[in-house]
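I opened the model and kept notes as I went. The entries follow the order of my lookups.

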Amino acid sequence: MGFNGQFFLKIIEWTDNMIVKEWCMYCGECAGVCPRNLIEVREISLNFNEKNCKECEICIQVCPVKALEKRDD
Ligand code: SF4
Ligand code: SF4
């Protein structure tokens with residue numbers, strides 16, 4: 001059942017170029033590897049300081065559930 005039947009609001013801020021899939025589990029792996037420390041993982045949100053992102057994609061590569069994706073368009 002999961003989450004005891006409760007619904008959680010996800011608040012995700014990301015760049016125009018990056019998206020976060022709904023199955024993100026907020027494990028913090030991506031935040032831990034960002035060389036610029038731009039990702040802040042909270043209990044039910046993933047906040048991202050997009051101004052300084054160099055789009056190295058390290059965060060995408062380390063996500064264990066492939067929840068980060070670069071937008072092509
Ligand atoms: S590593 Fe993946 S699952 Fe973990 S917080 Fe980042 S995007 Fe979410
Ligand atoms: S792409 Fe690189 S600089 Fe941008 S948030 Fe991910 S790890 Fe940080």
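**Entry: the hairpin.** How many residues lie between β3 and β4 in their hairpin? I looked and found 3 residues between the two strands. This is a predicted model, and I read every value below as computed from it. Strand β3 covers residues 39-41 and is joined to β4 by 3 bridges. The two strands run antiparallel. I checked one pairing by residue: valine 41 stands opposite leucine 46 in β4.

I then asked which residues of β4 sit on its covered face. Leu46 and Phe48 do. Ser45 and Asn47 form the uncovered face of this strand, which spans residues 45-48.

**Entry: overall layout.** I stepped back to the whole chain. I found 2 helices and 5 strands. Along the sequence they read β-β-α-β-β-α-β. The protein has 73 residues, and buried ones make up 10% of them. I also looked at contacts with a separation of 6 or more: 60% of these join residues 24 or more positions apart.

**Entry: confidence.** The average pLDDT is 79, and 75% of the residues score at least 70. Residues 1-9 fall below 50. I counted 3 contacts for this stretch in the model, beyond near neighbours in sequence.

**Entry: the core.** Which residues make up the largest nonpolar core? I listed 7: Cys30, Ile39, Leu46, Phe48, Cys59, Ala67 and Leu68. Leu46 and Phe48 are also the covered face of β4. I picked isoleucine 39 for a contact search and left out neighbours within four places in sequence. Its contacts are Cys30, Ala31, Cys34, Leu46, Phe48 and Cys59.

**Entry: ligand 1.** I moved to the ligands. There are 14 residues around ligand 1. Those that come nearest are Cys24, Cys27, Glu29, Cys30 and Cys63. By class, I noted 12 nonpolar, 1 polar and 1 charged residues in this shell. Cys30 is also a member of the largest nonpolar core.

**Entry: ligand 2.** Which residues surround ligand 2? I wrote down Cys34, Arg36, Leu38, Ile39, Cys53, Lys54, Glu55, Cys56, Glu57, Ile58 and Cys59. The shell divides into 7 nonpolar, no polar and 4 charged. Ile39 and Cys59 belong to the largest nonpolar core as well.

I followed two shell residues further. Glutamate 55 lies in the loop between β4 and α2, the latter at 58-62. Its phi is near 55 degrees, a positive value in a residue other than glycine. Is glutamate 55 buried or exposed? It counts as exposed, because it has 12 C-beta neighbours inside 10 Å and the exposed class takes 12 or fewer.

Cysteine 56 is found in the loop between β4 and α2. It is exposed, with 12 other C-beta atoms within 10 Å. I took its distance to cysteine 34, another residue of the ligand 2 shell. The two are 22 residues apart in sequence and 8.8 Å apart in space, C-alpha to C-alpha.

**Entry: the loop before α1.** I went on to the loop between β2 (18-20) and α1 (29-33), where glycine 28 has its place. Glycine 28 is partly exposed, with 13 other C-beta atoms within 10 Å. Its C-alpha is separated by 9.9 Å from that of glutamate 43, 15 residues away along the chain.

Tyrosine 26 lies in the loop between β2 and α1 too. I noted a positive phi of about 55 degrees, although it is not a glycine. Why does tyrosine 26 count as partly exposed? It has 15 C-beta neighbours inside 10 Å, so it falls between the exposed limit of 12 or fewer and the buried limit of 20 or more.

**Entry: valine 33.** My last stop was valine 33, in helix α1. It is partly exposed, with 15 other C-beta atoms within 10 Å. What does valine 33 touch, not counting residues up to four places away in sequence? I found Ile58, Cys59 and Val62. Ile58 and Cys59 are among the residues around ligand 2. I also took the C-alpha separation of valine 33 and cysteine 63: it is 9.9 Å, for residues 30 apart along the chain. Cys63 is one of the residues that come nearest to ligand 1.

Notes:
Residues are numbered from 1 along each chain as its sequence is written. Chains are lettered from A and ligands numbered from 1 in the order in which they are written. This is a predicted model: local features need pLDDT of at least 70, side-chain atom pairs count only at pLDDT 80 or more; totals for chains, interfaces and linings use all residues. A residue is near a molecule or strand if its C-beta atom, placed from the backbone, lies within 6 Å of it. Ala, Val, Leu, Ile, Met, Phe, Trp, Tyr, Cys and Pro count as nonpolar, Asp, Glu, Lys and Arg as charged, and the others, Gly among them, as polar. Helices (H or I, at least four residues) and strands (E, at least two) are DSSP runs, numbered from the N terminus. Two strands pair if DSSP finds at least two bridges between them. A nonpolar core is a set of buried Ala, Val, Leu, Ile, Met, Phe, Trp, Tyr and Cys residues joined through C-beta atoms within 7 Å. Two residues are in contact if their C-beta atoms, placed from the backbone, lie within 7 Å. pLDDT is the predictor's confidence in each residue, from 0 to 100.
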